[in-house]
Amino acid sequence: MPRDALHPPRSLALTARLQALPAAWARALGWLAFLWACAFLLTAPQWVDMARQWLTVSAYQHILFVPPIIGWLVWNRRGALADLTPHAWWPGMFALLGALAVWLVGSLSSIDIVAQAGAVLVLQAVTIALLGPRVGAVLAFPIAFAAFLVPFGEEIVFPLQMLTAKMVIALTHLSGIPAEIDGVFIDTPAGLFEVAEACAGVQFVVAMLTLGVLAAKVGMTGWPRRVAFMLLCLVVPILANGVRAWGTIAIAQKVGVERAAGFDHIIYGWVFFALVVALVMAVAWRWFDRDPLAEGAEAGSLAHYRAVLALNRGTLRASTLAPAIAAIILLAGLWAGLARGSETQAPVPHAPEIEGWVLLETPAKPAWQPKGAHASERLHAIYRDEQGYEVDLYLAAYTGMADPTVESEGAVPPDTPWRLVASAPAPENIAGTELLAFGAERRLAWSSFVVGGEATSSALGSRLAGLGDRLALRTHPRWLVILSTYDDGTDASGQALERFHRASGGPAALVEAAVAR
């Protein structure tokens, strides 16, 4: 007998499986693939950016495992899905509209995490609308788990930096090593150490939470166990990261800073994460009380819940609902395109006259200067008062889709020795920060955002203020205003900024004076 008769080619086996697919499922999946393609075209910038982060940013490389996990979760439910017939569900359009609104707000306000979440939500909403609430209930966890496709965690980097630094200094003192802490800097006899963003342990926490959600759902049945396990997945990585950072400092006292740093990168990158995962799983092993394969079969019972059956109304043919969904996606794309195209030219700012302050010549390479990479216009002026105090004024104008709150903007210039140490007192609608460079050079900075003649200290507030104009297809320049001075460790620096602030009339008045003809 020919070998192919005993072992048919995989292509033929796949074709046979597709031919055996019920007609209702074939139609639904065909339309679903079409609408997913439409959604991917609409949100392509977000998916490209997310894929770039998955591949190049170590904090998010664990996300590469999320799509295969989703595929396995769906496959694990194949028996339950075979007993159901998918139906297009028109109330799912409301979920789609909400998802598109999230994407539109995020993309037009340059809040990447919101735009990316919206891109994922669109796929989730389309799936539920095309397959119906009963199928959606069975697929609820795989659909929800897709939220982990969004790279998140940057928002908690600085708090985790500060928490890690406090743990490290406590352990350093406990181990008898003399040390002093200044924000994220720790000075020891072996040298000055910085708890940098990469040392905050965000990637560790995010990866553990992703693993924890999966393990708690497929391996546990009781909610108390799941909650306890998730707390373990949150607390243990944070504590372990503090111990790791302290270990680097302790080793450096014996072998030197460079050798300790190299040892830390090897251990942290290849061994430490695996050890902590093993520790967490070993502690929680006795809590696992369900075969992961049984979780998929049990998910089939969700389709028979009374609430789900009550929602199973308003069904339509997929061929009727799918074109309407595609039209809505197209309209959202057209609106976003028109909003992005409504750009206003920013006026060129000039250094305004400030009573009681003399304008100095700005050096070609100031000691401190924001990058303003996305700004269309920039101004850096330095003033001196009668008491000899100098204040740097930095203005940056943003138009179109550029925003003053994206990475590489703000008072802490990227790719420089400057680091954020702590917040500082400042007047209303102004954010104060303390900066440190080279372990000794300090500056005090006051930052504010001016949109439509109104000042705010909130980065989010400035983005949302500009969002309304964009949605209405009109834009005005948005301004970043920063006052900065050398910090001598006394109240005199803050007082100098306060005098300049009063004399200038505040951020909004500074912008108005800088663009006045």
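Reader: How far apart are the end C-alpha atoms of helix H3 (residues 23-42)?

Author: This is a predicted model, in which local features need pLDDT of at least 70 and side-chain atom pairs count only at pLDDT 80 or more, while totals for chains, interfaces and linings use all residues. Residues are numbered from 1 along each chain as its sequence is written, and side-chain values use heavy atoms, with hydrogens and water left out. Helices (H or I, at least four residues) and strands (E, at least two) are DSSP runs numbered from the N terminus, and the expected span of a helix is 1.5 Å times one less than its number of residues. For the 20 residues of H3 the expected span is 28 Å, which agrees with the distance between the end C-alpha atoms, 29 Å.

Reader: Within what arc do the buried residues of H3 fall?

Author: Buried means under 20% relative accessible area, exposed over 50% and partly exposed in between (1.4 Å probe, protein chains only). In H3 the buried residues are Trp 25, Ala 28, Leu 32, Leu 35, Cys 38, Ala 39 and Leu 42. They line one face of the helix, because their arc, taken from the directions from the helix axis to the C-beta atoms, is 150°.

Reader: Which helices are included in what covers the buried residues of H3?

Author: Contact means heavy atoms within 4.5 Å. The cover of the buried residues of H3 includes helix H4 (44-56), helix H6 (78-82), H7, helix H8 (112-138) and helix H16 (318-341).

Reader: With which residues is Leu 100 in contact, leaving aside its neighbours within four places in sequence?

Author: Leu 100 has its place in helix H7 (residues 92-108), and its relative accessible area of 6% makes it buried. Its C-alpha atom is separated by 7.8 Å from that of Ile 329, although the two are 229 residues apart along the chain. With the sequence neighbours set aside, the contacts of Leu 100 are Leu 42, Val 122, Ile 328 and Ala 332.

Reader: Which residue has its backbone oxygen 2.8 Å from a polar atom of the side chain of Thr 127?

Author: Thr 127 is found in helix H8 and counts as buried at 9% relative accessibility. Not counting residues up to four places away in sequence, Thr 127 touches Leu 32, Trp 36 and Ile 143. The backbone oxygen that lies 2.8 Å from a polar atom of its side chain belongs to Leu 123.

Reader: Which residue of E8 is the bridge partner of Tyr 383?

Author: Two strands pair if DSSP finds at least two bridges between them. Strand E7 (residues 377-385) runs antiparallel to E8, with eight bridges in the pairing. The two form a hairpin with four residues between them, and Gly 388 in the turn has a positive phi of about 90°. Within E8, Tyr 383 is matched with Val 391.

Reader: Which residue of E13 stands opposite Ala 397?

Author: Because eight of the nine residues of strand E8 (residues 390-398) are buried, this strand is largely enclosed by the rest of the structure. E8 also pairs with strand E13 (residues 478-486), in the antiparallel sense and over seven bridges. In E13, the residue opposite Ala 397 is Trp 479.

Reader: Which residue takes a positive phi near 65° in the hairpin of E9 and E10?

Author: Strand E9 (residues 419-424) and strand E10 (residues 431-437) run antiparallel and are joined by five bridges. One of the pairings sets Ala 422 against Glu 434 in E10. The hairpin has six residues between the strands, and the residue with the positive phi near 65° is Asn 429.

Reader: What arc do the buried residues of helix H17 (residues 459-471) cover?

Author: The buried residues of H17 are Ser 462, Arg 463, Gly 466, Leu 467, Asp 469 and Arg 470. They are on the same side of H17, because around the axis they cover an arc of only 165°.

Reader: Against which elements do the buried residues of H17 pack?

Author: The packing of these residues involves both helices and strands. The elements are H7, H16, strand E11 (441-451), strand E12 (454-456) and E13.

Reader: What percentage of the residues in the chain reach a pLDDT of 70 or more?

Author: The pLDDT is the predictor's confidence in each residue, from 0 to 100. Among the elements, helix H1 (residues 3-6) has the lowest mean, 52, and helix H9 (residues 140-145) the highest, 96. The mean for the chain is 86, and the share of residues at 70 or more is 91%.

Reader: What percentage of the residues in the chain are buried?

Author: The chain holds 19 helices and 13 strands, and its C-alpha atoms fill a box of roughly 95 × 60 × 50 Å along the principal axes. Of its 517 residues, the buried share is 46%.

Note on methods:
Polar contact = N/O pair within 3.5 Å; in protein donor to acceptor, adjacent residues only side chain to side chain.
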